[in-house]
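Subject: Handover of a structure and its findings

Dear colleague,

Please find below the structure that I am handing over to you. I would ask you to keep it open while you read the notes beneath it.

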Amino acid sequence: MIQDLLQKYNVPVPRYTSYPPANYFTDAFTNKEYESAIEASNEALPGHISFYVHIPFCRHLCHYCGCNSFPMMKPEVVERYISAVHKEIDKVKERLAPGRKISQIHYGGGSPTAMPAHYLKELNEHLLSGFDTIEQPEIAVECHPGYLDEAYWQSLTEAGFNRFSLGVQDFNEKVLKTVNRRPSLLPVETIFQILRSKGARINMDFIYGLPFQTVDSFSETITRAVALRPDRLVTFSYAHVPWVNKQQLILEKAGLPAGEEKSRMYGSAKEIVGAAGYKTIGLDHFVLENDELYTALQNGQLHRNFQGYCTRRTTGQVYAFGVTGISQLSSAYTQNSKDINQYIERIESGTFAISKGYTLNRNEQITREVIETLMCNYSLDWKELAARLSLSVTEVKSATAYDENRFREFAADGLIEFDNDHIRITSEGSLFVRNVAASLDKLMLHSDKTFSKPV
């Protein structure tokens with residue numbers, strides 16, 4: 001059965017980490033439009049503020065990475081880059097209504113921990129100045145443990161972070177060597193002891209579908225991970241997009257697992273974490289039963305923005321800083337320049353560094369809510385969503401590409417259960433929630449964009 005579903009549905013579709021996806025952004029979007037979108041965001045929901053800081057530098061580049069990353073540059077360039085980020089923060093904060101509260105701060109990359117920790121501490125202090133926070137805000141940093149000694153981990157805990165995402169990817173050193181990723185400098189168990197002693201929350205990130213991974217080897221990695229009891233565990237499906245990162249062609253030469261093998265890796269990992277008491281969140285996250293993400297899922301209130309899965313309590317409109325940073329506002333997306341020197345020069349000249357963006361029309365804003373709700377909660381209550389948007393069910397459905405015949409096909413294949421008021425993704429259909437979401441997307445009716453496969 002799974003092989004039949006893979007043959008039919010393992011086709012390129014958007015990941016829907018945003019709607020519309022980033023490859024719909026246009027370079028016609030201007031700095032002035034971004035300023036207007038920031039000001040408009042003060043009167044829109046969600047009301048909270050989420051800050052994202054992009055640190056693009058890595059000590060070396062992993063072959064699998066599809067992120068916007070660059071080899072570490074000279075210290076004077078790094079210093080100038082950080083100074084530009086501070087200037088950009090000032091330009092955004094002066095346009096934000098002072099009564100709003102910060103709910104999230106997230107550092108991604110690249111490798112934020114490629115930087116001396118004092119840079120990150122100074123940025124946190126700048127971001128937090130002048131605004132109150134919600135109770136228990138999430139201040140998170142992505143960590144590459146391959147280079148970090150005990151003193152660095154200690155300094156991170158003193159820099160204001162309360163959640164740490166450890167980019168382990170795999171414990172198998174043959175896999176790591178093939179993808180050009182350095183294993184953890186310290187035993188991961190030691191890192192846990194350091195962070196737990198400071199009351200930190202810990203995520204562990206893994207990737208499946210890499211060369212030399214097998215169901216058995218990946219199961220061993222996940223078994224070791226759950227023994228550490230991280231608060232959250234993430235299993236990302238490797239996205240093979242060599243048109244984004246040509247380095248991924250190296251992995252083709254090493255040999256990539258077939259879709260069915262990847263599916264079995266995921267299934268085995270899900271079984272292991274489930275037996276250890278973890279609950280499934282969305283496509284790839286697993287959390288302990290007392291996690292607020294699981295409570296939100298039970299209530300149909302799980303949410304997602306560019307920071308990742310969150311709750312209605314912690315979500316905010318996302319204001320991004322740094323090269324390639326993507327802001328996610330109520331009416332628009334914007335992305336900064338992908339060229340580091342250009343980014344620095346534009347910020348130093350007193351302007352923003354927007355390179356592209358997208359303004360959502362009303363139907364697209366509605367479709368974003370529909371797809372996000374379905375992708376996060378694996379279910380959709382049309383009446384509840386319509387009430388939240390102050391619309392009728394008919395108005396909500398008509399904003400999307402909803403086709404009852406298509407949904408009958410999904411149901412016949414065992415992917416969903418549905419009626420006039422509800423959609424529910426089945427356990428068999430969880431791998432293909434992206435396909436169901438894509439069927440609701442009017443932009444996909446005539447799309448010429450390139451996407452990855454679900455599995």
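The notes below describe what was found, one topic at a time.

This is a predicted model, in which local features need pLDDT of at least 70 and side-chain atom pairs count only at pLDDT 80 or more, whereas totals for chains, interfaces and linings use all residues. Residues are numbered from 1 along each chain as its sequence is written, and side-chain values use heavy atoms, with hydrogens and water left out.

Annotated positions

UniProt, in an unreviewed entry, lists residues 43–276 as "domain: Radical SAM core". UniProt positions are given in the numbering used here, feature names are shortened, and annotations may be inferred rather than shown by experiment. Over residues 43–276 the chain is 38% helix and 23% strand, and the C-alpha atoms at the two ends are 44 Å apart. Helices (H or I, at least four residues) and strands (E, at least two) are DSSP runs, numbered from the N terminus.

An unreviewed UniProt entry also places the feature "binding site" at Tyr52, Gly109, Glu142 and Ile326. Tyr52 lies in strand 1 (residues 49–55). Is Tyr52 buried or exposed? Tyr52 counts as buried because its relative accessibility is 14%; buried means under 20% relative accessible area, exposed over 50%, and partly exposed in between (1.4 Å probe, protein chains only). Beyond its neighbours within four places in sequence, Tyr52 is in contact with several residues, including His106, Gly109, Val318 and Phe321. Contact means heavy atoms within 4.5 Å. The side chains of Tyr52 and His54 are joined by a polar contact of 2.8 Å. A polar contact is a pair of N or O atoms within 3.5 Å; within protein, one must be able to donate a hydrogen and the other to accept it, and residues adjacent in sequence count only if both atoms are side-chain atoms.

Gly109 belongs to strand 4 (residues 101–109) and, at 9% relative accessibility, is buried as well. Not counting residues up to four places away in sequence, Gly109 touches Tyr52 and Glu142, among others.

Strand 8 and its partners

Strand 8 (residues 232–237) has 5 of its 6 residues buried, so it is largely enclosed by the rest of the structure. Strand 7 (residues 201–208) runs parallel to strand 8, and 6 bridges join them; two strands pair if DSSP finds at least two bridges between them. Met204 stands opposite Leu233 in strand 8. From strand 7 the chain crosses through helix 8 (residues 215–227) to strand 8, and this β-α-β crossover is right-handed. A crossover is right-handed if, with the strands pointing away from the viewer, the path from the first strand over the helix to the second runs clockwise. Strand 10 (residues 285–288) runs antiparallel to strand 8 and is joined to it by 3 bridges, with Val234 opposite His285.

An open sheet

Strands 17, 19 and 18 form, in the order 17-19-18, an open sheet of 3 strands with antiparallel pairing. Strand 17 (379–381) and strand 18 (416–418) stand at the edges with a single partner strand each, so one side of each has no neighbour in the sheet. The twist averages 10° from one strand to the next. Axes are lines fitted to C-alpha atoms, for helices over the stretch in contact, and angles run from 0 to 180 degrees between N-to-C directions. Helix 13 (residues 362–377) lies across strand 17 and strand 19, at about 135° to strand 17.

Backbone features

Most residues other than glycine have a negative phi, and most peptide bonds are trans. Which residues are joined by a cis peptide bond with omega of about -5°? Tyr19 and Pro20 are joined in this way, and Pro20 is in the loop between helix 1 (2–9) and helix 2 (31–41). A cis peptide bond with omega of about 20° also joins Gly109 and Gly110.

Arg229, which is not a glycine, has a positive phi near 60°. Arg229 sits in the loop between helix 8 and strand 8 and is partly exposed, at 36% relative accessibility. Ser390 likewise has a positive phi of about 60°; Ser390 is exposed, with a relative accessible area of 66%.

Yours sincerely
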